[in-house]
Amino acid sequence: MKRRPSFGRVLPYVTLAIAVVAVVIATALDGKTITLATGYVMLEYAATIGPLALGLGVALIAGQFDTSVGAMFGFGGIVAVMAGASSWELGLATALAVGALVGIVYGTLVLVARLDSLTITLGGLITLSGLAYVLSDSKTVTFSDYSIGIRLTEPVLEVFSIHSFVVLACFLVVGLVLAYTRAGRNVYAVGGSRAAAERVGLPVRKVVVGVLVLSAVLAALSGSLIGFTLASASPENTSNPLFPAIIAALIGGVRLTGGVGTVLGIFAGLLTVAVVNTGLNLLSAPTYASSLAYGALLLAAAVSAAPDLRSAVKTARRRMADRLPAGRAEAG
Amino acid sequence: VSSRPVPTASLPLDPRLAVRALPVAAAAALAVFAVSTSGFLTVANGQAILLSVAVTVLLSTGLTFITLSGNFVSLSLGATVLGTAALFLASLKFGIVAAILICILGGALVGAIQGAFVGGIGANPIVTTLAASSLIAGLVVGVTHGEAVLPPAGAHSFHALTQTNLIGVPVSAWFALGLVIVAQCVLTWTQYGREVLLVGANRDAARSAGLRTGRVTLIAFAIAGLCAGLGGVLVGARSGQATVGFANTYDFDAITAVVLGGTLVTGGRGAVWRTGLAALALAVLGNVLLLHGMTIYNQLFVKGLIFLGAVSVVSIVRIRKGGRIG
């Protein structure tokens, strides 16, 4: 029997192409035009979600599920805005350091208490959401230096900005490390089978702590950049970036079981989410439409990633065949 | 099960004793903290606690079945509560009994659908329930156009659900107590209860033994949905209107109660009555913190730390015992 690994590998790019075609057709039918400005808005959205999808995706490749990237995004923004009152560099550095600390705490708890990272980061999600309210005193905190936000998001080459270049650079660096270095190979090995990686003496602990630090730091980075851009940060997560980030990683071919996925795939998944989001905005769809779209995409991702999907489909087919003896006779 | 030998001598206490002593010590500390807070020891405040604890008890009771079945947690119970609260008020026009039944069935159906994905094809419970929460919120906002749902004019009987006291205790609290007792009986004495524990403890073994693990999971999610539907009835009846916002702490409260109750996050071990007691303890703590000026959102910080502390203690004690259940 022929194996079909190639289909799974190109699926993220096929999905992206389908999303682009669908949005182009839908907007054309609606009489809306797509301009370079549309591309700019789309890339800015991708730059917001991108670091979260990247961190979440790489952690998932190593077999670690960081559910707190959305909360870390919000908390990181508040830290950056509050600590950066005198200089934005200080605010950014503080936020990134806090992110690294959170990742180290997660990693330590995962290793010491021998718990699933999913459990630990869910506790982190609750704690960080609360901490954002405590730190900001439940208010929107503001940032007086508007110039940094303007510089970050000023269009470069029509569709890019420093903001999106920073995020692209993150993808490039993490992608190269994952694909070409020993550390990258260790991430895949630990995600594929932690027990096997332990047996052959790979630095499992370093990988587990490393990917959790990476995802928390990247989430803090994105939160900080958005905080500077909006010149404010609020503890209320009105639109939780966790949803599009998970969708981007899963559409990008990352498996929840670990060991599978590429940074290029995550990037394609990210663009897919950004295209869908931009399409909904262009069609001036109501906000609940994006809730429904994200829910449907997430459910589709959960179903396609389900380990027992094939055997369940087979069983269902067999039952159908048993119920339709005529069809079976024909086939035989 | 760890292959690494763990020195048991390093633990000063018998782990079994530590497990028994910790909750008692925590409860005592909480009691002292509570009693020393001004405004805590009043009848009105006690009733306020019992009124607020009812919803958390309902949700965490249902959630315990999901956790016990080895499917970690659901993140869609809060959305189900808000959705069924709107459903309750909108369906009051058919009478209060019909409205309650509609909510119970609606919640159970929504839970069962998620359970079908998780149990039937092994879909990840976190991703599936996150998707469900987004779909439920989107659907309810779409149907209600984001406007508050109000009960039909002249409908007042539903206030009795949350405003009547029986022996000084709100009816909704009796409701919650009854549910905990029933759920614990289901867990202890029915075949389904034993199946849940077996599937959660070792899914492969349960499957080999001929248990229909998918069906057990589906029913666990349906029970959780049913309880969330009941929670929605109480929330709708208490506030007299329903709006579906994004921020609510129901999910986090329920999850923290289940974990604090000592239910093993990997499943197979735990008890509903302990979840109920933990929910009560969390409600008392929340009330005391509120009296100290800490809003429910600020309190998430404390609850998150309690969550992390509880899962770590339960897991470390288990490791020290050599990974054996007992």
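**Positive patch**

I started with the patch of positive charge, and in this predicted model its largest share, 5 residues, comes from helix α14 of chain A, residues 309-323. I listed the members next: A:Arg255, A:Arg310, A:Lys314, A:Arg318, A:Arg319 and A:Arg323 from chain A, plus B:Arg212 and B:Arg215 from chain B. I clicked on A:Arg310 and found it in helix α14 of chain A. These charges gather on the surface.

**Nonpolar patch**

Then I looked for nonpolar side chains on the surface. I found a patch of about 650 Å², made by A:Phe7, A:Val10, A:Leu11, A:Tyr13, A:Val14, A:Ile18 and A:Leu264. Which helix gives the most to this patch? I noted helix α1 of chain A, residues 5-29, with 6 residues. I looked up A:Leu264 as well, and that residue sits in helix α12 of chain A, which runs over residues 263-282.

**Confidence, chain A**

I checked how far to trust chain A: its mean pLDDT is 91, and 95% of its residues reach 70 or more. Where is confidence lowest in chain A? I got helix α15, residues 325-331, at a mean of 50, while helix α7, residues 162-180, comes out highest at 97. I also marked residues 327-332 of chain A, where pLDDT stays under 50 and the model has 2 contacts beyond four places in sequence.

**Confidence, chain B and the whole model**

For chain B I wrote down a mean pLDDT of 87, with 92% of its residues at 70 or more. Residues 5-9 of chain B stay under 50, and I noted 4 contacts beyond four places in sequence for them. Last, I copied the overall scores: ipTM 0.88 and pTM 0.90.

Definitions and conventions:
Residues are numbered from 1 along each chain as its sequence is written. Chains are lettered from A and ligands numbered from 1 in the order in which they are written. This is a predicted model: local features need pLDDT of at least 70, side-chain atom pairs count only at pLDDT 80 or more; totals for chains, interfaces and linings use all residues. Side-chain values use heavy atoms; hydrogens and water are left out. pLDDT is the predictor's confidence in each residue, from 0 to 100. Helices (H or I, at least four residues) and strands (E, at least two) are DSSP runs, numbered from the N terminus. Contact means heavy atoms within 4.5 Å. Patches are made of residues with over 30% relative accessible area and no salt bridge: like charges are joined within 9 Å, nonpolar side chains (Val, Leu, Ile, Met, Phe, Trp, Tyr) within 5 Å. Accessible areas come from the Shrake-Rupley method with a 1.4 Å probe; for residues, only the protein chains shown count as cover. A salt bridge is a side-chain nitrogen of Lys or Arg within 4 Å of a carboxyl oxygen of Asp or Glu. Lys and Arg count as positive and Asp and Glu as negative; His and the chain ends are not counted. The place of a charge is taken as NZ of Lys, CZ of Arg, CG of Asp or CD of Glu.
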